Amino acid sequence: MPLRVAMSASNPNLFVAIASEQQPIRTTNGGASWSVVSGLPNGSKGPWYWGQPLASDKVDGNIFYYYSDGKVYRSQDGAAYFSIVNSSLPSEDWSMLKTVPGVSNEVWISLDSNGLYRSTNGGAKFAKIASVEKANLFAFGKPQTGSKIPALYLYGKILGMGKGIFRSLDRGQTWTNISNSLYPIGNVPNVMEASRQQFGLVFIGTDGKGIYYGKPN
């Protein structure tokens with residue numbers, strides 16, 4: 001059972017898929033044939049698995065990343081072979097690994113109550129975002145006018161600001177609470193994505209209570 005897919009940034013025929021309790025697989029011909037990926041553990045048990053452990057670099061089409069059990073794996077040969085590049089992070093089942101649009105070698109990982117982490121050297125070293133006390137979900141969106149820094153959205157808890165939905169325009173150094181008390185997010189949120197065409201537009205999917213969105217007034 002397929003769980004997650006990551007596509008090369010430069011080759012639309014190259015992508016990787018992880019499957020429930022099986023070895024990840026890759027294709028170089030758009031899915032006509034598949035081969036087993038080397039160096040990765042079996043995928044998590046599905047079908048109700050909401051983590052996002054797999055991502056591709058948004059610039060270099062040969063680089064892919066994977067997170068599992070506190071370890072970050074990286075491939076630099078189009079996902080044929082992965083090796084552990086970092087084993088210093090906490091182990092967390094509820095995790096999200098994402099790369100930054102338009103930037104190579106920048107990797108972010110959210111680890112729920114263990115916080116949010118950023119790497120600028122392909123996962124070799126990670127720095128924890130100090131103000132984030134809990135990172136349930138996060139997403140990157142279009143920068144504000146005049147900036148090249150992607151907007152960063154977080155569903156979680158910020159030091160001194162409590163729980164909610166937040167936006168940062170400076171890579172997590174400062175945050176603005178963008179929650180709407182009139183429309184609280186129902187049930188358990190499990191996915192968050194932001195528009196790369198419209199600044200401020202962000203979406204949150206819940207476990208049976210629909211999809212919520214927010215945008216600037």
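Two strands count as paired if DSSP finds at least two bridges between them. By that rule β11 and β12 (residues 127-128) make a pair, because two bridges join them, and they run antiparallel. Keep in mind that this is a predicted model.

## Around β11

Let's stay with this stretch of strands for a moment. Y117 is the residue that stands opposite K128 in β12. On its other pairing, β11 (residues 116-119) is joined to β10 by four bridges, and these two strands run antiparallel as well. Here W108 stands opposite R118 of β11. The hairpin of β10 and β11 has five residues between the strands, and D112 takes a positive phi there, near 55 degrees.

R118 has a second partner to look at. Its side chain meets that of E106 in a salt bridge, at 2.9 Å from N to O. The two sit 12 residues apart, with E106 in the loop between β9 and β10 and R118 in strand β11. Is E106 buried or exposed? E106 is buried, because its relative accessibility is 8% and the cut-off for buried is under 20%. R118 comes out as partly exposed, at 24% relative accessible area.

## The salt bridges

How many salt bridges does the structure hold? There are three, and here they are side by side.

| Salt bridge | N to O distance | Separation along the chain |
|---|---|---|
| E193 and K98 | 3.3 Å | 95 residues |
| E106 and R118 | 2.9 Å | 12 residues |
| K157 and E133 | 3.8 Å | 24 residues |

The E193 and K98 pair links distant parts of the chain, with E193 in strand β17 and K98 in strand β9. K98 is buried at 9% relative accessible area, whereas E193 is partly exposed at 36%. In the pair of K157 and E133, K157 belongs to strand β14 (residues 151-158) and E133 to strand β13. Both ends here are partly exposed: K157 has a relative accessibility of 33%, and E133 has a relative accessible area of 34%.

## Two pockets

The largest pocket has a volume of about 570 Å³. It is lined by 21 residues, and those closest to its centre are I178, S179, N180, Y213 and G214. Which strand gives the largest share of that lining? That would be β15, with four residues. β15 (162-168), β18 (202-206) and β19 (211-214) each supply at least two residues. By character, the lining splits into 11 nonpolar, seven polar and three charged residues.

The second largest pocket holds about 340 Å³ of space. Its lining runs to 19 residues, and L54, A55, K58, K98 and R196 are the closest to the centre. So K98 turns up again: besides being among the residues closest to this pocket's centre, K98 meets E193 in a salt bridge. At least two lining residues come from each of β1 (2-7), β5 (54-56), β9 (96-99), β13 (132-141) and β17 (189-194). Of the strands, β1 makes the largest contribution, four residues. This lining divides into 10 nonpolar, three polar and six charged residues.

## Backbone oddities

A few backbone spots deserve a look while you have the model open. The peptide bond from G46 to P47 is cis, with omega near 5 degrees. P47 lies in the loop between β4 (35-36) and β5.

Then there are residues with a positive phi that are not glycine. E21 has a phi of about 55 degrees and sits in the loop between β2 (15-19) and β3 (25-27). What is the relative accessible area of E21? The value is 49%, so E21 counts as partly exposed, given that exposed means over 50%.

N105 also has a positive phi, near 70 degrees. N105 is found in the loop between β9 and β10 (107-110), and with a relative accessible area of 28% N105 is partly exposed. That loop also holds E106, the salt-bridge partner of R118.

Terms used. Residues numbered from 1 in each chain as written. Predicted model: local features only at pLDDT ≥ 70, side-chain atom pairs only at ≥ 80, totals over all residues. Heavy atoms only, no water. 1 Å grid on protein atoms, 1.4 Å probe; cavity = no way out; pocket = protein on both sides within 12 Å on 5 of 7 lines; lining within 4 Å. Points joined across faces, edges and corners; volume = space filled by probe spheres on them. Nonpolar A, V, L, I, M, F, W, Y, C, P; charged D, E, K, R; others polar. Buried < 20%, exposed > 50% of the residue type's maximum accessible area, 1.4 Å probe, protein only. Salt bridge = Lys/Arg side-chain N within 4 Å of Asp/Glu carboxyl O.
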